[in-house]
Amino acid sequence: MSDVTQLILASASVARRALLEAAGLEFEVIPADIDETAIRDAILEKTSGAEAADVASVLAAEKARVVSIEHADALVIGADQVLALGAKIFSKAGSVSEAREHLVMLRGRTHDLVSAVALARNGVVHWQTTSTAAMTMRNYSDEFLGAYLKRAGDRVLGSVGCYELEGLGVQLFEQIDGDYFTILGIPLLALLERLREEQMITA
C-alpha cells in the first residue's frame, strides 16, 4: 500500500473488516456517522420505483463521502447492504421478535441481497459498484426457527437478513446464487481491482 495515501473503511461491520484484513489490506476503521434509516426512507419516498441497488449505492457513497471530508487525501471505502423481497426492502431487525417476523416472511422464498461499495477522497465519490446475490431460504419449520433464534440470539440483529452465512445462518438456505463476498457485505474482488488501479495495493 502507498506510504502517502491512507486507506479508511467507513464501516463498523465486523465482517467487512475481517474480509479486508484477510485480503492483506492495511487500513483504519472510522465508521460514518449518518442516519441510514432517514436516508433510506428519503430515497424510497422521493424516487418512484427505487430499487435495492439504488438504496445500497447511495448509502455506500454517502458513508465514504462523509468520512473523506474529515480526512483529507485519505481514500475512503464506504459499503452498504440491502435486502429486497420483491418490491419490499428490509432494514435490520430491531429485536429478536422482529427478526422472527422477517424470517417468517423470507421462509421458502428467494430474496435479493445487494452489496454496494464506493470510494471517495476529499468529499468526492469517484468510484462505486454493486453486486447482487439471490438467496433462497428453505421452508424450515417453526421449531427450527425458534431453535435458530435461541442459539443466534442478538447476533441476528447485526445483519439485514438476520443471518450470518459464515455461521449458523447457513442452515436457513437451500440454494444460493451469487458471490460469497457480496453476501458477507462487500463486492471484494471489484474493490481489490480498483485499489490496484489506484495503486493502493500492488498490481
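Helices and strands here are DSSP runs, numbered from the N terminus. The structure on screen is a predicted model. The tour begins with a pocket, then moves to a set of strands and to single residues around them.

**Stop 1: the largest pocket**

Select Ser-13, Arg-16, Lys-92, Gly-158 and Ser-159. The largest pocket has a volume of about 770 Å³. Of its 31 lining residues, the five just selected are the closest to the centre. Next, colour helix 1 (14-22), helix 2 (36-46), strand 3 and helix 6 (180-184): each of these elements supplies at least two residues of the lining. What is the lining made of, by residue class? It divides into 12 nonpolar, nine polar and 10 charged residues.

**Stop 2: His-102**

Move to helix 4, residues 96-106, and pick out His-102. Is His-102 buried or exposed? His-102 is buried, because its relative accessibility is 7% and the cut-off for buried is under 20%. Show the neighbours of His-102 as sticks: leaving aside residues up to four places away in sequence, His-102 touches Phe-90, Ser-91, Lys-92, Ala-93 and Cys-162. Lys-92 was also selected at the pocket, as one of the residues closest to its centre.

**Stop 3: strand 5 and its partners**

Select residues 110-121, which make up strand 5. Nine of the 12 residues in this strand are buried, so that strand 5 is mostly covered. Now add strand 3, residues 75-85, which pairs with strand 5 in the antiparallel sense over nine bridges. To find one place where the two meet, label Val-76 and its bridge partner in strand 5, Ala-120.

Add strand 6, residues 124-137, as well. Strand 6 runs antiparallel to strand 5, and 12 bridges join the two. One pair to label here is Ala-118 with its bridge partner in strand 6, Gln-128. Follow the chain from strand 5 into strand 6: the two strands form a hairpin with two residues between them. Asn-122, in the turn, has a positive phi of about 55°. When looking along the strands, keep one rule in mind: in a regular strand, side chains alternate between the two faces of the sheet.

**Stop 4: Arg-65**

Stay by the hairpin and select Arg-65, which is found in helix 3, residues 52-70. Which residues does Arg-65 touch, beyond those up to four places away in sequence? They are Ala-120, Gly-123 and Val-125. Draw a distance from Arg-65 to Val-125: they are 60 residues apart in sequence, yet the C-alpha to C-alpha separation is 6.0 Å. The side chain of Arg-65 also makes a polar contact of 2.8 Å with the side chain of Glu-62. With a relative accessible area of 28%, Arg-65 is partly exposed.

**Stop 5: Glu-198**

Go to the segment after helix 7 (188-197) and select Glu-198. Apart from residues up to four places away in sequence, Glu-198 touches Leu-75, Arg-121 and His-126. With His-126 there is also a polar contact between side chains, at 3.4 Å.

**Stop 6: Glu-26**

Finish in the loop between helix 1 and strand 2 (28-29), where Glu-26 is found. Why does Glu-26 count as exposed? Its relative accessible area is 54%, and the cut-off for exposed is over 50%. Add Leu-7 to the selection: Glu-26 and Leu-7 are 19 residues apart along the chain, and their C-alpha atoms are separated by 7.1 Å.

How values were computed
Residues numbered from 1 in each chain as written. Predicted model: local features only at pLDDT ≥ 70, side-chain atom pairs only at ≥ 80, totals over all residues. Heavy atoms only, no water. Buried < 20%, exposed > 50% of the residue type's maximum accessible area, 1.4 Å probe, protein only. Helix = DSSP H or I, 4+ residues; strand = E, 2+ residues; numbered from the N terminus. Pairing = 2+ DSSP bridges. Contact = heavy atoms within 4.5 Å. Polar contact = N/O pair within 3.5 Å; in protein donor to acceptor, adjacent residues only side chain to side chain. 1 Å grid on protein atoms, 1.4 Å probe; cavity = no way out; pocket = protein on both sides within 12 Å on 5 of 7 lines; lining within 4 Å. Points joined across faces, edges and corners; volume = space filled by probe spheres on them. Nonpolar A, V, L, I, M, F, W, Y, C, P; charged D, E, K, R; others polar.
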